[in-house]
Amino acid sequence: MTGHSDKTRQTPPVPGSNHRSSRGSSKKLVFVAVGTVIALAATFGFVRATDLVFKPSASSGDVTATPTASDEGQVSTETPVPDGKGKFAAAPSASASASPSATPKKAGSIGNSACPSYPKFPDENCTGYKHTGVKLRDCPNTVTKSNVKLDGCRFTNGLTIEGKNVTISRSLVLGKVGGTYKTDWSLVGLRLVDVEIDGGGKVDPNGEAAIGNDDYTCIRCHIHGTGRGANMRKNVHIEDSYLHGWVYVNGAHQTAIGSNGGSNYKVIHNNLICDSDGCSAALSLYGDFEPINNALIERNLFNTNGGYCTYGGSTSAKPYPIGTNIRYVNNLFGKKYGPKCGYYGPVATFEFHQGNVWSGNAWQDGSGAVKPQS
């Protein structure tokens, strides 16, 4: 996901590109890893020694308040949607089954999911702001107030979050979403509902994500046009969203959703595609910088032209730590770019360590179950 490379993160060679195999020497790996840490620390503050206490809610309920304009283009401060506890629901048992999504809502409302129920998946017709019929207005690119709700906004130069527990609905972000040093680079409880994030094909050499890394929720988000989609480190919930269309970044190991370590993830009923020449996977869970713990990956569709459709985050190969409580439940693996989902296969680096679950995962075309490679 970050440009870190090892022999498990293989991306197939691309004719006409300078994309190299990841079977490099150990010295090269050290230099790439160090470079990655420095680059990400300078952008999203990906590696830090401390974590903030402001966490996103585990709830997937949506914004219901009717906004009224105030100064800074914001709406009146109300009780924040996130609960601030930083805890997700208890892990499901190995027998967990996929429950259908809520009944589709009418366009223009903010309520139950507008996206089709599993085994169908979100696309541009039910994610982002367009399907709601809202008329957008320009809003400031930096939100400094806490506990505010913004609706129907157009952020023309990205979105910077400095306030805690901000909720944004039915809006468009032209650029990327991130925190600042004032929040220790966390998004401190940000909640996006029916929001499109369009990078416009503008990326930096490090392939920054459209959104990341800590303490945010994304419901019915449409994310595209950046170097990669969503980065996760601590307390992230992404549901009913469509992530696709990345701009090639040389050696970046691109992915729709990815993590280099952390905890408390919910990735539920999303359509995840990675198809640039620099893709590694649709969903990449790498325990590079710290173990991955408590990740629920449920009812998603994976497609990629990268090495594998997903990296499972639980590899015990040194120096990477063992991932625990990683649950893949009722996901579908597509064949959009080849018969194996990924160039080498559907899944790598998933192992049955403490709390890890692999249940109900199958090929989208109905050809059978998908099992982790031994």
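# Exercises on side-chain contacts

K335 lies over the face of W363, 4.8 Å from the ring centre. The structure is a predicted model, and the exercises below work outward from that ring.

**Exercise 1. Find the aromatic partner of W363, and decide whether the two rings are stacked or edge-to-face.**

Step 1. Start from the burial of W363: this residue counts as buried because its relative accessibility is 15%, and the limit is under 20%.

Step 2. The partner is F333, with 6.4 Å between the ring centres and 70° between the planes. Planes over 60 degrees apart count as edge-to-face, and the pair F333 and W363 is accordingly edge-to-face.

Step 3. Place the two residues in the chain. F333 belongs to strand β21 (residues 332-333) and W363 to strand β24 (residues 362-363), so this pair ties together parts 30 residues apart in sequence. F333 is buried as well, at 0% relative accessibility.

**Exercise 2. State which residues form one aromatic cluster with F333 and W363, and describe a second pair within it.**

Step 1. The cluster consists of F302, Y328, F333, F350, F352, W358 and W363. Across the whole structure, the search finds twelve aromatic pairs.

Step 2. One of these pairs is Y328 with F350, edge-to-face, at 5.7 Å centre to centre and 85° between the planes.

Step 3. Y328 is in strand β20 (residues 324-329), while F350 is in the loop between β22 (345-348) and β23 (357-359); the pair therefore ties together parts 22 residues apart in sequence.

Step 4. Check the burial of each partner. Y328 has a relative accessible area of 0% and is buried; F350, at 4%, also counts as buried.

**Exercise 3. Identify the residues with the most contacts inside the largest nonpolar core, and list what I211 touches.**

Step 1. The largest nonpolar core has 54 residues, and L190, I211 and F302 have the most contacts inside it. F302 is also a member of the aromatic cluster from Exercise 2.

Step 2. Leaving out residues up to four places away in sequence, I211 touches V177, L187, L190, L192, I197, Y216, I223, G229, A230 and N231.

Step 3. There is also a second, separate core of five residues, among them A281, Y286, Y308 and Y311.

**Exercise 4. Take the salt bridges D194–R220, E208–K176 and R154–D138, and determine whether each partner is buried or exposed, or in between.**

Step 1. The limits needed are under 20% for buried and over 50% for exposed, with partly exposed in between. The whole structure has ten salt bridges.

Step 2. D194 and R220 form a salt bridge, with the closest N and O atoms 2.6 Å apart. D194 is in strand β8 and R220 in the loop between β10 (216-219) and β11 (222-224), so the bridge ties together parts 26 residues apart in sequence. D194 is buried at 0%, and R220 is buried at 1%.

Step 3. In the bridge between E208 and K176, the closest N and O atoms are 3.0 Å apart. E208 is in the loop between β8 (190-198) and β9 (209-211), and K176 in the loop between β6 (167-174) and β7 (177-178), so the pair ties together parts 32 residues apart in sequence. E208 counts as buried at 16%, whereas K176, at 24%, is partly exposed.

Step 4. R154 and D138 meet in a salt bridge at 2.7 Å, N to O. This pair links strand β4 (residues 153-155), which holds R154, with strand β1 (residues 137-138), which holds D138; the two residues are 16 apart. R154 is partly exposed because its relative accessibility is 27%, and D138 counts as exposed because its value is 53%.

Step 5. Salt bridges can also join into a network: D214, R233, K234 and E290 are linked in this way.

**Exercise 5. Summarise the chain as a whole: how many helices and strands does the protein chain have, and what share of its residues is buried?**

Step 1. The protein chain has one helix and 24 strands.

Step 2. Of its 374 residues, 59% count as buried.

Step 3. Consider contacts between residues at least 6 apart in sequence: 69% of them join residues at least 24 apart.

Step 4. Finally, the protein chain exposes about 14,500 Å², of which carbon and sulfur atoms supply 53%.

How values were computed
Residues numbered from 1 in each chain as written. Predicted model: local features only at pLDDT ≥ 70, side-chain atom pairs only at ≥ 80, totals over all residues. Heavy atoms only, no water. Salt bridge = Lys/Arg side-chain N within 4 Å of Asp/Glu carboxyl O. Helix = DSSP H or I, 4+ residues; strand = E, 2+ residues; numbered from the N terminus. Buried < 20%, exposed > 50% of the residue type's maximum accessible area, 1.4 Å probe, protein only. Phe/Tyr/Trp six-rings, centres within 6.5 Å; stacked < 30°, edge-to-face > 60°. Lys NZ or Arg CZ within 6 Å of the ring centre and 35° of its normal. Core = buried A, V, L, I, M, F, W, Y, C linked by side-chain atoms within 4.5 Å. Contact = heavy atoms within 4.5 Å. Areas by Shrake-Rupley, 256 points an atom, 1.4 Å probe, with all protein chains shown as cover.
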